Amino acid sequence: MAVSGSKAVFGDVYMDELIASCGNGLDFLKPSGVYFADRSQSSCQKASLILRKQEQRNNRLVCRYNFCDAVQRNTGYNLPFGPRMKSIHTSSLFCTSTRAAHDVSFDGSSKDERAAGLPVQTIPNKKSFRLVSGSCYLPHPAKEETGGEDAHFICANDEAIGVADGVGGWVEVGVDAGKFARELMCNSVAAIQGEPKGSIDPARVLEKAHSSTNSQGSSTACIIALTEEGIHAINLGDSGFIVVRDGCTVFHSPVQQHGFNFTYQLESGDGGDLPSSGQVFKIPVLSGDVIIAGTDGLFDNLYNNEITAAVVHGLRAGFNPQLMAKQIATLARERAVDKNRQTPFAKAAQDAGFRYYGGKLDDITVVVSYIAGSSNT
C-alpha cells in the first residue's frame, strides 16, 4: 500500500524521494490560530443530496496513477499512461497521498458556479462501473525541498481516493503539517483495506485514520469511494470535490470554515475538529461522469466553471485521468500567480473585508476520476 505527500508510499510510507514516518510526534506548543476549539458551529450546508454531518521538486509536476492493494500487486485494470513530458514526473505506484487544504470558498462563485441538484434517475448498479483515477501535484515553490504539505491517495482496486491539506500555520512553531497529512492519508489507506469490498464507508475510514494518526500538525480531509449506491464521500474543511456530467457541474462539496481562511481541520489527540464534523455525501453516478477532487490550491484559484471547461477540453482531446489532472493543476498554478484576475480566494477575501486581488500561491493537488464501464481499459 502507498501514500504520498504527493509522493508515493509503500508500507513504511515511502514518498518519492522522501521518507515520511507515521510515528509519534513530540510534545510542543501549538501556534495560535491553528486550534479550532469551537465545535458548536455547524456550517454543514444542505445539498440536494443525501447529506449528514460527518495537504517535487524543481518546479516539476508530480503526476501519476496510484494503486492501493495490500493483497495483490496486479490491479487487473490497465491504465494507459500519456506520453512522458519534460517537466512531468510520472510513476505507476500502488498508492499516493498529498497534503490538505485550508482557505477555499465557493461563496465567491458566480451564479452558474453553484451546485446544481442531481436529477432523479435510475442509476445502474455500481458493479457495472469502475473508478479510473490519476493525479497531479504541484507543491508551492517555496516548499519543494520538503515536498509541500498536501497528501493524497488513489486505491484502484478498492476504488477510493483521498486528499488532505496540512495547515501551514504550524510552520510558525517549527512543525511540518505535511507529515500529519501524509500520515492521515497513509492510515486512511490502511483503514480502507479493512472495509467490506464495494461498501467502503468514508466516514468510518476517516474516524479510524484520525484515531491512529500521531504526527504533530493538522489537516483537512476528503475521502471518496465508489460503492454500490454510487459515490460515497466525506469532506472536512476546504479541500473537496466536484462532479462534472455532460459538460456541467452537477455537484460541488460545500466548504467548511469557522471564518475566512479558518478551515475545519483534524488534529492528533483531542485538538481541532472531529471527524464527525465532516459532511457525508451519497451521490448517484452515471458512466462518463468525472470527479475532480483537490485541495484549496485548486479551488482557491479556479471557479467550478473553469474546471468544468478544462474537463470538457480534456475529454475532447482524449486525455486519460492523469493528463486531465495535469491540465487542471497547471491552469490552477497559472491563476495562482496571476495578479490581474479575480479568483475564488480573492472574492472570498473581499467579502471578508480585505483588499485582495489575484490568485493565491499554494500547494496544488488534483485527483481526477472517471466513472467508466467495468469493461473499459
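Visitor: Let's start with a histidine. Which residues does H210 touch, not counting residues up to four places away in sequence?

Guide: One thing to keep in mind throughout is that this is a predicted model. To read a residue's surroundings, skip its sequence neighbours and see what remains. For H210, the remaining partners are L184, L266, E267, S268, G269 and P275. H210 itself lies in helix α2. Its C-alpha atom is separated by 8.6 Å from that of G269, although the two are 59 residues apart along the chain.

Visitor: Is H210 buried or exposed?

Guide: Check the relative accessible area against the cut-off: under 20% is buried. H210 has 8%, so it is buried.

Visitor: Two of those partners are leucines. Which residues touch the most other members of the largest nonpolar core?

Guide: With a core, look for the members that have the most links inside it. Here they are F153, L184, L206 and L266, in a core of 25 residues. So two of the H210 partners, L184 and L266, turn up again.

Visitor: Which elements give two or more residues to this core?

Guide: Strands and helices both do: β10 (150-155), β11 (160-166), α1 (177-193), α2 (202-211), β12 (218-227) and β13 (230-236). The most comes from α1, with 7 residues. There's also another core lying apart from this one, made of 24 residues, with I292, L298, V311 and Y370 among them.

Visitor: And the whole chain: how many helices and strands does it have?

Guide: The protein chain has 6 helices and 21 strands. Of its 377 residues, buried ones make up 61%. The chain exposes about 14500 Å², and carbon and sulfur atoms supply 51% of that.

Visitor: Now for loops. Where does I200 lie?

Guide: In the loop between α1 and α2. A loop position doesn't settle the burial question, though, and you have to look at the accessibility. I200 is at 4% relative accessibility, so it counts as buried.

Visitor: What does I200 touch?

Guide: Setting aside residues up to four places away in sequence, it touches D158, A160, I192, E195, V205, A225, T227 and H232. Take D158: it is 42 residues from I200 in sequence, but 8.3 Å away C-alpha to C-alpha.

Visitor: What should I look for in phi, say at E159?

Guide: The sign comes first. Most residues other than glycine have a negative phi. E159 goes the other way, with a positive phi near 50°. You'll find E159 in the loop between β10 and β11, and it is buried, at 4% relative accessible area.

Visitor: And what is phi at N261?

Guide: Near 60°, again a positive value in a residue other than glycine. N261 belongs to the loop between β16 (257-259) and β17 (262-263). At 37% relative accessibility, N261 counts as partly exposed. A glycine to compare is G353, just after α6, with a positive phi of about 95°.

Visitor: Since you mention α6, which of its residues are buried?

Guide: For a helix, list the buried residues, then find what they pack against. In α6 (residues 344-351), they are P344, F345, A346, A348 and A349. Their packing partner is α3 (296-299).

Visitor: How do I read a helix pair, for instance at what angle α4 and α5 cross?

Guide: Look at axis distance, angle and hand. The axes of α4 (residues 304-316) and α5 (residues 321-336) come within 10 Å and cross at roughly 140°. The crossing is right-handed. On the α4 side, the contact is made by E306, I307, A310, V311, H313, G314 and L315, and on the α5 side by M324, Q327, I328, L331 and R335.

Visitor: An arginine in that contact! Is R335 buried or exposed?

Guide: Buried, with a relative accessible area of 14%. Beyond neighbours within four places in sequence, R335 is in contact with N301, L302, E306, R341, T343 and G359.

Visitor: Last one: which side chain makes a polar contact with that of T249?

Guide: For a polar contact, note the partner and the distance. The side chain of T249 joins that of T308 at 2.5 Å. T249 lies in strand β15 (residues 248-252), and counts as buried at 12% relative accessibility.

Note on methods: Residues numbered from 1 in each chain as written. Predicted model: local features only at pLDDT ≥ 70, side-chain atom pairs only at ≥ 80, totals over all residues. Heavy atoms only, no water. Helix = DSSP H or I, 4+ residues; strand = E, 2+ residues; numbered from the N terminus. Buried < 20%, exposed > 50% of the residue type's maximum accessible area, 1.4 Å probe, protein only. Polar contact = N/O pair within 3.5 Å; in protein donor to acceptor, adjacent residues only side chain to side chain. Core = buried A, V, L, I, M, F, W, Y, C linked by side-chain atoms within 4.5 Å. Areas by Shrake-Rupley, 256 points an atom, 1.4 Å probe, with all protein chains shown as cover. Axes fitted to C-alpha atoms, helices over the stretch in contact; angles between N-to-C directions. Left-handed = near helix turned anticlockwise from the far one by under 90°. Contact = heavy atoms within 4.5 Å.
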